[in-house]
Amino acid sequence: MRLLINALAKYIFGLLLVGLLLFLPAGTLNYRGGWLFIGLLFIPMLVMGAVLLVKTPDLLAKRLRVREKETAQKGVVAAAALIFIGAFVLAGLDYRYGWTDVPPWLTWAAAVIMLLAYGMYAEVMRENAYLFRTVEVQEGQRVIDTGLYGIVRHPMYTSTVLLYLAIPLVLGSWASFCVMLLYPAAIVFRIRNEEAVLTEGLPGYEEYKKRVKYRLIPMIW
């Protein structure tokens, strides 16, 4: 029950925060892109949370832990938060003042990418029971090298990059998209620091890096 209350509280807080960041700058609730985005993000999130609560409550509890121990990661989390706030506020202002225009076909294509990225995110959680939101090595943790982890070393970050780059297009704002381009740079920094932590503290991770060469995108990086 305590886990359920904690999860619902964070879910409702996130929903209200995103709504405020979008609709206040937009100056109206009649922002279709904003509602489309909220539906695409929070409905799958609710379903996934319910599944985790029933099947793997321990993993859900881990995912709700967001306080980083690594000093470098605290900076990344703060930078990512500023990127998201800036991107959402700018999208609302863009809608309000009509600065840029995303064609409808691209908005719907981005919506499909969002859903696919969320499906990839769910698969990563299914494959890896050690998936904290914070960077740390857990007791008894082992290297996962099958499934998506046999293709890239950080498939969760691959899914989030796809997800977050699609968000501004769903919101219909090129201005917001330009801000969100900073997110992959933050992820690259996070990955470099995370791999240093895992190499030092997780047995077999050095060998895993030699077997799976690419971190984020196959054939690129």
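In which helix does L16 lie? In this predicted model, L16 is placed in helix α1, which spans residues 2–26, and with a relative accessible area of 55% the residue counts as exposed, because the threshold for that class is over 50%. L16 also contributes to a nonpolar surface patch of about 610 Å², whose other members are M1, L4, I5, L8 and I12.

The protein chain as a whole comprises 221 residues, of which 44% count as buried. Its secondary structure consists of 9 helices and 0 strands, so that the order of elements, read from the N terminus, is α-α-α-α-α-α-α-α-α.

The second largest pocket encloses about 340 Å³ of space. Its lining is formed by 16 residues, and those lying nearest the centre of the pocket are G33, T107, V170, L171 and G172. Three elements, namely α2 (32–55), α4 (71–97) and α5 (104–127), give two or more residues to this lining. When the lining residues are sorted by class, 8 are nonpolar, 5 are polar and 3 are charged.

Side chains of opposite charge can pair when their charged atoms come close, and the structure holds 5 salt bridges. One of these joins the side chains of E123 and R126, with a separation of 2.8 Å from N to O. Both residues belong to helix α5, where they are 3 residues apart, or about one turn of the helix. The two partners fall into separate accessibility classes: E123, at 26% relative accessibility, is partly exposed, whereas R126, at 61%, is exposed.

A salt bridge is also formed by the side chains of E195 and R153, for which the N to O distance is 2.7 Å. E195 is located in helix α8 (residues 182–201), while R153 is located in the loop between α5 and α6 (155–170), and the pair therefore ties together parts that are 42 residues apart in sequence. Both E195 and R153 are buried, which means that the relative accessible area of each is under 20%.

In helix α9 (residues 205–211), E206 and K209 are 3 residues apart and thus separated by about one helical turn, and their side chains meet in a salt bridge with an N to O distance of 3.7 Å. With relative accessibilities of 33% for E206 and 22% for K209, each of these residues counts as partly exposed, because each value lies between the limits of 20% and 50% that bound this class. Elsewhere, R153, E195 and R215 are joined into one network by salt bridges that share partners.

The loop between α5 and α6, which contains R153, also contains Q141 and Y149. Q141 has a relative accessibility of 16%, and Y149 one of 7%; both residues are classed as buried, because both values are under the 20% limit. For each of these two residues, a partner from a distant part of the sequence can be named by its C-alpha separation. Q141 and P203, although 62 residues apart in sequence, have C-alpha atoms that are 8.7 Å apart in space. The C-alpha atoms of Y149 and V212, in turn, are separated by 8.0 Å, the two residues being 63 residues apart along the chain.

Finally, the backbone of M219 calls for a remark. The phi angle of M219 is near 70 degrees, a positive value in a residue other than glycine. M219 is situated in the segment after α9, and its relative accessible area of 67% makes the residue exposed, because that value is over the 50% limit.

Notes:
Residues numbered from 1 in each chain as written. Predicted model: local features only at pLDDT ≥ 70, side-chain atom pairs only at ≥ 80, totals over all residues. Heavy atoms only, no water. 1 Å grid on protein atoms, 1.4 Å probe; cavity = no way out; pocket = protein on both sides within 12 Å on 5 of 7 lines; lining within 4 Å. Points joined across faces, edges and corners; volume = space filled by probe spheres on them. Helix = DSSP H or I, 4+ residues; strand = E, 2+ residues; numbered from the N terminus. Nonpolar A, V, L, I, M, F, W, Y, C, P; charged D, E, K, R; others polar. Salt bridge = Lys/Arg side-chain N within 4 Å of Asp/Glu carboxyl O. Buried < 20%, exposed > 50% of the residue type's maximum accessible area, 1.4 Å probe, protein only. Patch = residues over 30% accessible without salt bridge, like charges linked within 9 Å, V, L, I, M, F, W, Y side chains within 5 Å. Areas by Shrake-Rupley, 256 points an atom, 1.4 Å probe, with all protein chains shown as cover.
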